[in-house]
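Let's take a friendly walk through a protein model, one region at a time. Have the sequence and the 3D view ready, and look up each residue as we reach it.

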Amino acid sequence: MKDRIKVIIESVIVGLLVFFLTSANLFRSLDNMVRDKLYQTHRGIDSKIRIIGIDEKTLTELGPIQTWSRSRYAELIEKLNQDEKARPSIIAFDIQFSGEVDEGDAAFAKAAKESGNVIVVDQLLYKTQVQMDEDGLVASLKIGDVEEPYSALKDATLCGFSNVAQDSDGVVRQAITTQEYQGETRSSFSRVIYETYCKQKNETPASVKTDKYGRSLINYSGRPGDYECISMTDVLSGRIDTRAFAGSIILVGAYASGMQDNFPVPNGGSDQMNGVEIHANTLQAYMQDRFSINGNAYLFALITAVLAMVLHFLFRKLKIWQSLILLLVAIAGEVILCVVLNNSGTAFSIIYFPLVLILSYVYSLAIGYIAEKARKKKVMNAFKKYVAPQIVDEISKKGDFSIKLGGENRDIAVLFVDIRGFTTMSEALEPEQVVAILNEYLALTTKSIFDNMGTLDKFVGDATMAVFNAPFDLPDYEYKAVCAAMDIVRGGEKLEKVLLEKYGRSVGFGVGVHCGPAVVGNVGCDVRMDYTAIGDTVNTSARLEANAKKGQVLISDTLYERLKDRISVNEIGVIPLKGKSNGVCVYEVTELNG
């Protein structure tokens, strides 16, 4: 119950984190980068939209633009309209024509009026400096004045403002559709072009969703340089057949870096986009109805927060691979949904849900790792009650936990030890005293076995069984088994004095040790298993222990042959052992020489 409450609290914290980050858009720059990558996919440009650029080649052949007579633009219009059957639909100039210059002004105005399809730009001049709204976007500012084309040109053409809206990072992600000034609604340059084009085709212009500042997010169709750009000087010189522009929407504008009419755009990477290209993208967005606006951040934050809470709860319950699949599916689902919504006209912040989910997943992994480590430690501590602690520690360091399930044949040493006179003593003492003496004895035998890296197999009443070289390989296991037996006998002598003073009773131990092949492994059934050794080696060791007197360590001739240079013994001789047809030559260990 406590764990469930803890997970619920964690889930609530995850949900609050998603809600706060999404609604506040705390990492706006990072979110913009991700949105730019996902929302601004290459969609392909409209071949109707063509650009005639005032590029480096034009400036080289015709000189700086400031020195031109406006008769150049009149000449361009005449060139484009020279074939009455192959005229462009619209000729739009993204160039500021404020104030009169020379006699070319009249020629340009006349050519524009006669053409009847010319659109030019004006410029909105704001009263205050640029300000940002809560979304980090340029807020609507009050217009102080409008820089318009000279009067003759204004009377002969349609006008739209050329202002672009840059976000706090300088990137042009939005279009200003309309602006109010002195009771008049002014439309943007690209909007005027779009409405004029619709009028020519007898179509009703589509309405565009805008935010409270009258802006829409541009879904760019082309990257910098994607729209076809023809050098203006090539058109003027006749090197280009103007019939290629038949029915096109032509935008004329700066295409040379020195003219300083280029801006960072969301799909441009390190390249900037010329202003005329931005207008071309905006125009295509109008024509294809592909604008979007920022959706309700609080509603989206609430929905994603609830989802994040549920997912965190599942992360804490499921397996690692299941959680990973769920994480990937959730992130992919959110990304796909946001892209679809953006293409449908509503944009949302995209990074916070995946970011918090990844943190939630990593946290769940860490908690799971810590819990698993604690569980392993608990298992290892329990394991130390059966196997020598130093063996367990060594296994833990190496990470080698592979114990073969079922049975396997191993050469092992088996030790049996029993209390001599325990039955008589238990009849004369109180039960509590019997248990206390038994515990002292078991503590001694366990310590002696573990000190010599043996495995405590089982307690059977007042008898103890231990094996050496199972379940893990143990170097010099025969000698370690005899050392454990001698430690038990010597410890028994000290324990005997303590128990005599304490209870008026003494105990002694008889120990039998034998070595040889045996089957070791997990024996039992599905609901109860016991790791033990079975076979003649075990039986022989038990029979040796049964024949050992108080304070004796009896070993078989097999074990003696392996250790005869390292131990001192008294030969007992051949004695019959219960269950064996032939007698066994038995030795009493008196001293360790190794």
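## A helix to start with

Which residues of helix 11 are buried? They are Ser-323, Leu-327, Ala-330, Ile-331, Glu-334, Cys-338 and Asn-342. Keep in mind as you look that this is a predicted model.

Helix 11 covers residues 320-344, which makes 25 residues. From its first C-alpha to its last it reaches 36 Å, close to the 36 Å expected at 1.5 Å a residue. Just after the helix comes Gly-345, which takes a positive phi of about 115°.

## An open sheet of five strands

Now find the open sheet, in which five strands follow the order 6-7-10-15-16 with mixed pairing. Its edge strands are strand 6 and strand 16 (346-347), each of which pairs on one side only. As a general reminder, strands of a sheet pair through backbone hydrogen bonds, either parallel or antiparallel.

Begin at strand 6 (residues 165-166), which pairs with strand 7 in the antiparallel sense over two bridges. Here Gln-166 has Val-172 of strand 7 as its bridge partner. The hairpin of these two strands has five residues between them, and Gly-170 there takes a positive phi near 85°. Strand 7 (residues 172-176) is largely enclosed by the rest of the structure, because five of its five residues are buried. Moving on, three bridges join strand 7 to strand 10 (residues 215-218), and these two run antiparallel. One pair to look for is Gln-174 with its bridge partner Leu-217 in strand 10. At the other end of the order, strand 15 (residues 291-294) and strand 16 are paired in the parallel sense over two bridges, with Ile-293 standing opposite Thr-346.

## Helix 7 and its cover

Is helix 7 mostly enclosed or open? Nine of its 12 residues are buried, so the helix is largely enclosed by the rest of the structure. Those buried residues are Phe-189, Ser-190, Arg-191, Val-192, Ile-193, Tyr-194, Thr-196, Tyr-197 and Cys-198. Their cover includes strand 2 (90-96), strand 3 (118-126), strand 5 (158-161), strand 9 (184-187), strand 12 (249-254) and helix 9.

You can also check the length of helix 7 (residues 189-200): at 1.5 Å a residue it should span 16 Å, and its end C-alpha atoms are 17 Å apart, which agrees. Just after the helix, Asn-202 takes a positive phi of about 60°.

## A closer look at Thr-282

Helix 9 (residues 275-287) holds Thr-282. This threonine counts as buried because its relative accessibility is 4%, under the 20% cut-off. A polar atom of the Thr-282 side chain lies 2.8 Å from the backbone oxygen of Ile-278. Leaving aside neighbours within four places in sequence, Thr-282 is in contact with Ala-175, Ser-190, Ile-218 and Phe-291.

## Two nonpolar cores

The largest nonpolar core has 46 residues. Those with the most contacts inside it are Leu-415, Phe-468, Phe-509, Val-511, Val-513, Val-553 and Ile-555. Helix 16 (residues 477-503) gives the most to this core, with 13 residues. Apart from it lies another core, of 31 residues, among them Cys-198, Tyr-227, Phe-263 and Ala-285.

What does Val-513 touch, not counting residues up to four places away in sequence? Its contacts are Val-414, Leu-415, Ala-481, Ala-485, Ser-541, Leu-544, Val-553, Leu-554, Ile-555, Ser-556 and Leu-559.

## A glycine and some cysteines

Gly-535 sits in the loop between strand 21 (528-534) and helix 17 (536-547). With a relative accessible area of 31%, Gly-535 is partly exposed. Try placing it against Gly-516: the two are 19 residues apart in sequence and 9.4 Å apart in space, C-alpha to C-alpha.

How many disulfides are there? The count comes to zero, where a disulfide would need two cysteine sulfur atoms within 2.5 Å. For Cys-585, the closest cysteine sulfur is in Cys-515, at 14 Å, so it is too far for a bond. Cys-585 is buried, with a relative accessible area of 14%. Cys-338 is buried too, with a relative accessible area of 0%.

Technical notes
Residues numbered from 1 in each chain as written. Predicted model: local features only at pLDDT ≥ 70, side-chain atom pairs only at ≥ 80, totals over all residues. Heavy atoms only, no water. Core = buried A, V, L, I, M, F, W, Y, C linked by side-chain atoms within 4.5 Å. Buried < 20%, exposed > 50% of the residue type's maximum accessible area, 1.4 Å probe, protein only. Helix = DSSP H or I, 4+ residues; strand = E, 2+ residues; numbered from the N terminus. Contact = heavy atoms within 4.5 Å. Polar contact = N/O pair within 3.5 Å; in protein donor to acceptor, adjacent residues only side chain to side chain. Expected span 1.5 Å × (residues − 1). Pairing = 2+ DSSP bridges.
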